[in-house]
Amino acid sequence: MRTKLTERETGASPKRPGGGVWNSRILTGVFLALIFGITIAGFFSPVREHSESENRALAQKPKFTLASLFAKNEKEKFTRKYEDYLTDQFIGRDSWIGLKTRTERLIGKKDINGVYFADDGYLITRTDADTVDGEHAEKNIGRLAAFVQKYTEQLGERRVHAMLVPTAADILKDKLPAYTSEYDQAALLDRVSGLLGDSFIPVRDILLEHGDEYLFYRTDHHWTALGAYYAYRAWAQALGMSPRGQEDYSVSTGSDGFYGTLYSKVNLPMRADTVTLYDDQKAYRVEYDMDGKPRNSLFSMGRLKEKDKYMVYLDGNHAMAHIRQQGSERNGKKLLVIKDSYAHTFVPFLAQDYDEVIMIDFRYSKMPVSQLVESYNITDILLLYNATNFVQDDNLYQLER
């Protein structure tokens with residue numbers, strides 16, 4: 001009796017010796033060539049210091065030390081810094097971001113790289129409640145309250161104010177995907193308002209009232225000039241002033257092709273934003289970082305040719321900006337603005353109400369506030385931050401100096 005069927009009888013194809021092994025070797029070779037090819041290309045690619053697409057500084061190659069290798073702080077560890085360096089300098093980074101986004105969208109993710117895909121084509125920054133350090137937030141709130149009290153005693157009542165601007169995640173929360181766990185900005189604003197009283201400029205209500213208008217960019221984390229204008233109205237009313245109407249400004253479109261920081265985090269085709277300029281047509285002398293190169297406008301029009309067109313407003317981030325109003329009329333008022341970048345669209349609305357405006361950014365400047373107040377004979381102070389940035393900022397200890 002036969003116990004083994006022949007290949008002819010079973011209909012099986014004859015096996016080629018080593019065929020399966022050969023196919024595996026081909027796949028392995030292609031994979032290794034891809035990995036080593038990208039790695040080698042990365043070695044020969046120039047190290048980039050700044051990403052125009054993401055509008056941020058890129059991690060540079062860290063210097064190895066034993067101290068950094070065994071650092072207790074995770075952010076200071078050599079391995080962490082080197083990993084960040086490799087990630088930031090990865091060849092074709094922007095294209096890979098787009099591919100990753102498309103893949104994650106196909107599997108139904110509602111947020112990617114800390115960005116929500118919201119209704120009506122909005123990208124909105126994600127700030128989960130459990131990612132905000134409550135102890136740090138309380139420190140910043142306490143610092144602000146002490147600061148306002150100190151300088152109110154020094155400069156007088158109704159001379160020192162704070163404005164915390166709710167972001168799109170709060171004002172446009174109806175557009176967010178379901179089941180989000182966003183940080184409660186309304187509760188923060190109520191708490192700060194209770195501590196500061198009349199020194200707090202409330203802007204949330206007027207922004208909610210106009211929430212169906214173009215108050216925030218769809219592709220960027222900032223508010224638009226229109227959003228800043230409504231906040232200016234709240235500012236003027238809180239100070240007992242009559243706010244100027246939109247008709248009092250020359251309104252023009254700076255660009256209708258703006259793609260902001262949130263777009264760069266997802267890198268998918270979408271509708272561009274419009275940058276609008278409200279020009280009061282007054283004469284100014286503007287200097288940045290005490291560079292001795294005065295400009296004659298609150299707008300840096302050349303920035304509209306760059307990727308980050310938001311920098312058209314007061315030339316983007318600087319340690320200091322000094323604005324002097326030109327002309328014969330003087331009221332003796334000098335305003336110090338302690339700010340993040342939300343102030344850049346806001347200050348052009350109130351610049352004409354002061355002889356001088358000095359803007360200071362704690363991220364880039366370590367000059368003590370007390371020294372600024374004395375050196376520039378400051379009469380008024382405004383602290384302006386977006387709400388989520390305020391509670392997370394690591395530089396507000398400088399309010400104590």
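Tutor: Let's start with a term: a salt bridge is a side-chain nitrogen of Lys or Arg within 4 Å of a carboxyl oxygen of Asp or Glu. In this predicted model, Asp 111, Arg 126 and Asp 128 are linked in a network of such bridges.

Student: How many salt bridges does the count come to here?

Tutor: The count comes to 15. Take one of them: the side chains of Glu 138 and Arg 191 meet at 2.6 Å, N to O. Glu 138 sits in helix α6 (residues 134-155) and Arg 191 in helix α8 (residues 185-196), so this pair ties together parts that are 53 residues apart in sequence.

Student: Are Glu 138 and Arg 191 buried or exposed?

Tutor: Buried means under 20% relative accessible area, exposed means over 50%, and partly exposed is in between. Glu 138, at 39%, is partly exposed, and Arg 191, at 38%, is partly exposed too.

Student: Which residue forms a salt bridge with Arg 143?

Tutor: That's Glu 400, with the closest N and O atoms 3.2 Å apart. Arg 143 lies in helix α6 and Glu 400 in the segment after α14 (387-392), so the pair ties together parts 257 residues apart in sequence. Arg 143 is buried, with a relative accessible area of 17%, while Glu 400 counts as exposed at 54%.

Student: And what about Asp 353 and Arg 244?

Tutor: Their side chains meet in a salt bridge at 3.1 Å, N to O. Asp 353 is in the loop between α12 and β12 (356-360), and Arg 244 is in the loop between α10 (225-238) and β7 (250-258), so the pair ties together parts 109 residues apart in sequence. Asp 353 is buried at 12% relative accessibility, and Arg 244 is buried at 15%.

Student: Now for empty space. How many cavities of 30 Å³ or more are there?

Tutor: Here's the idea: rolling a probe the size of a water molecule over the atoms shows where empty space is left. In this model the count comes to two cavities of 30 Å³ or more. The largest has a volume of about 50 Å³, and among the residues lining it are Tyr 288, His 318 and Lys 339. By class, that lining has five nonpolar, four polar and one charged residues.

Student: Which helix gives the most to the lining of the second largest cavity?

Tutor: Helix α12 (residues 343-350) does, with three residues. This cavity has a volume of about 40 Å³, and its lining has six nonpolar, one polar and no charged residues.

Definitions and conventions
Residues are numbered from 1 along each chain as its sequence is written. This is a predicted model: local features need pLDDT of at least 70, side-chain atom pairs count only at pLDDT 80 or more; totals for chains, interfaces and linings use all residues. Side-chain values use heavy atoms; hydrogens and water are left out. On a 1 Å grid over the protein atoms alone, a cavity is a set of points where a 1.4 Å probe fits but cannot get out, and a pocket is an open set with protein on both sides within 12 Å along at least five of seven lines; lining residues have an atom within 4 Å of a point. Grid points are joined across faces, edges and corners, and a volume is the space filled by probe spheres set on the points. Ala, Val, Leu, Ile, Met, Phe, Trp, Tyr, Cys and Pro count as nonpolar, Asp, Glu, Lys and Arg as charged, and the others, Gly among them, as polar. Helices (H or I, at least four residues) and strands (E, at least two) are DSSP runs, numbered from the N terminus. Buried means under 20% relative accessible area, exposed over 50%, partly exposed in between (1.4 Å probe, protein chains only).
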